[in-house]
Amino acid sequence: MNNLFVSKERKQYLKKQKYKKYMVWFTQIVILVLFLAIWEYLANKKVIDSFIMSSPSRIWNTFMNLSSNDLILHIGVTVYETVVGFLIGTGLGIVIAIILWWSDFLSKVSEPYLVVLNSLPKVALRSYNNYLGWIRNTCNYSYGSCNFFNCNNT
């Protein structure tokens, strides 16, 4: 668009829109800085528990020391496990859906069980203690199932 054909009012309107955009951006930055400053102040004055809520300076120091505390490694493992779990779950879901779609008999047999499973809260479907006691020191929290599972307490 050629500037020769843009009216004076249009230029003023565009300038005003640009100003509003910068003011919104500036205000967002000011709110973020104020939030972080108040959070840091409250954590330093022990108004909030910095063990639970941490503080911006401690978070910043942790990010600056990523290589020394293996945080990048842990983030990578978490992302890997999330992606693999998603792919396995999606793959199994697709395979089971195809099987149920093809087999009218299996579809009718499994329908009441699938309805019950679908109505349960998803957190109720996970086991109480992760890995069912196969991790060291898990027996302390297994309420007597230590005799049944190998807890590797050596």
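Is lysine 108 buried or exposed? Lysine 108 is exposed, with a relative accessible area of 55%. That residue comes up again further down, once the rest of the chain has been introduced.

## The overall picture

First, a word on what you're looking at: this is a predicted model. The protein chain has five helices and zero strands, so the elements read α-α-α-α-α when you start from the N terminus.

How much of the chain is buried? Of its 154 residues, 10% count as buried. The chain exposes about 13,900 Å², and carbon and sulfur atoms supply 68% of that area. As for contacts with a separation of 6 or more, residues 24 or more positions apart account for 0% of them.

## Where H1 meets H3

Two pairs of helices are worth a look here. Two packed helices are described by the angle between their axes and the distance between the axes.

Start with helix H1, residues 8-44, and helix H3, residues 56-64. They pack at an angle of about 100 degrees, and their axes are 8 Å apart. Angles of 65 to 115 degrees count as roughly perpendicular, so H1 is roughly perpendicular to H3. On the H1 side, the contact is made by Leu36, Trp39 and Glu40; on the H3 side, Pro56, Ser57 and Ile59 do the job. Sort the residues of this contact by type and you get four nonpolar, one polar and one charged.

## Where H4 meets H5

Now follow the chain to helix H4, residues 71-102, and helix H5, residues 104-119. The angle for this pair is about 120 degrees, with the axes 6 Å apart. That makes H4 oblique to H5.

Which residues make the contact between H4 and H5? From H4 come Ile99, Leu100 and Trp102, while H5 brings Asp104, Leu106, Ser107, Ser110 and Leu114. The residues of this contact divide into five nonpolar, two polar and one charged.

## A salt bridge in H5

Back to lysine 108, as promised. Lysine 108 forms a salt bridge with aspartate 104, and their closest N and O atoms are 3.9 Å apart. A salt bridge here needs the nitrogen and the carboxyl oxygen within 4 Å, so this pair makes the cut. By that rule, the count comes to one salt bridge.

Where do the two partners sit? Both lie in helix H5, four residues apart, which is about one turn of the helix. Aspartate 104 is also one of the H5 residues in the contact with H4.

## Around the short helix H2

Helix H2 covers residues 50-53, and serine 50 is found there. Is serine 50 buried or exposed? Its relative accessibility is 18%, so serine 50 counts as buried. Leave aside the neighbours within four places in sequence, and serine 50 is in contact with Ala43 and Arg58. Ala43 falls within the residue range of H1, and Arg58 within that of H3.

The loops on either side of H2 each hold a residue with a notable backbone angle. Most residues other than glycine have a negative phi. Lysine 46, in the loop between H1 and H2, has a positive phi of about 65 degrees although it is not a glycine. In the loop between H2 and H3 you'll find serine 54, where phi is near 55 degrees, again a positive value in a residue other than glycine.

What about their surroundings? Lysine 46 counts as exposed, at 65% relative accessibility, whereas serine 54 counts as buried, at 18%.

How values were computed: Residues are numbered from 1 along each chain as its sequence is written. This is a predicted model: local features need pLDDT of at least 70, side-chain atom pairs count only at pLDDT 80 or more; totals for chains, interfaces and linings use all residues. Side-chain values use heavy atoms; hydrogens and water are left out. Axes are lines fitted to C-alpha atoms, for helices over the stretch in contact, and angles run from 0 to 180 degrees between N-to-C directions. Helices (H or I, at least four residues) and strands (E, at least two) are DSSP runs, numbered from the N terminus. Angles under 35 degrees count as roughly parallel, over 145 as roughly antiparallel, 65 to 115 as roughly perpendicular and the rest as oblique. Contact means heavy atoms within 4.5 Å. Ala, Val, Leu, Ile, Met, Phe, Trp, Tyr, Cys and Pro count as nonpolar, Asp, Glu, Lys and Arg as charged, and the others, Gly among them, as polar. Buried means under 20% relative accessible area, exposed over 50%, partly exposed in between (1.4 Å probe, protein chains only). Accessible areas come from the Shrake-Rupley method with a 1.4 Å probe; for residues, only the protein chains shown count as cover. A salt bridge is a side-chain nitrogen of Lys or Arg within 4 Å of a carboxyl oxygen of Asp or Glu.
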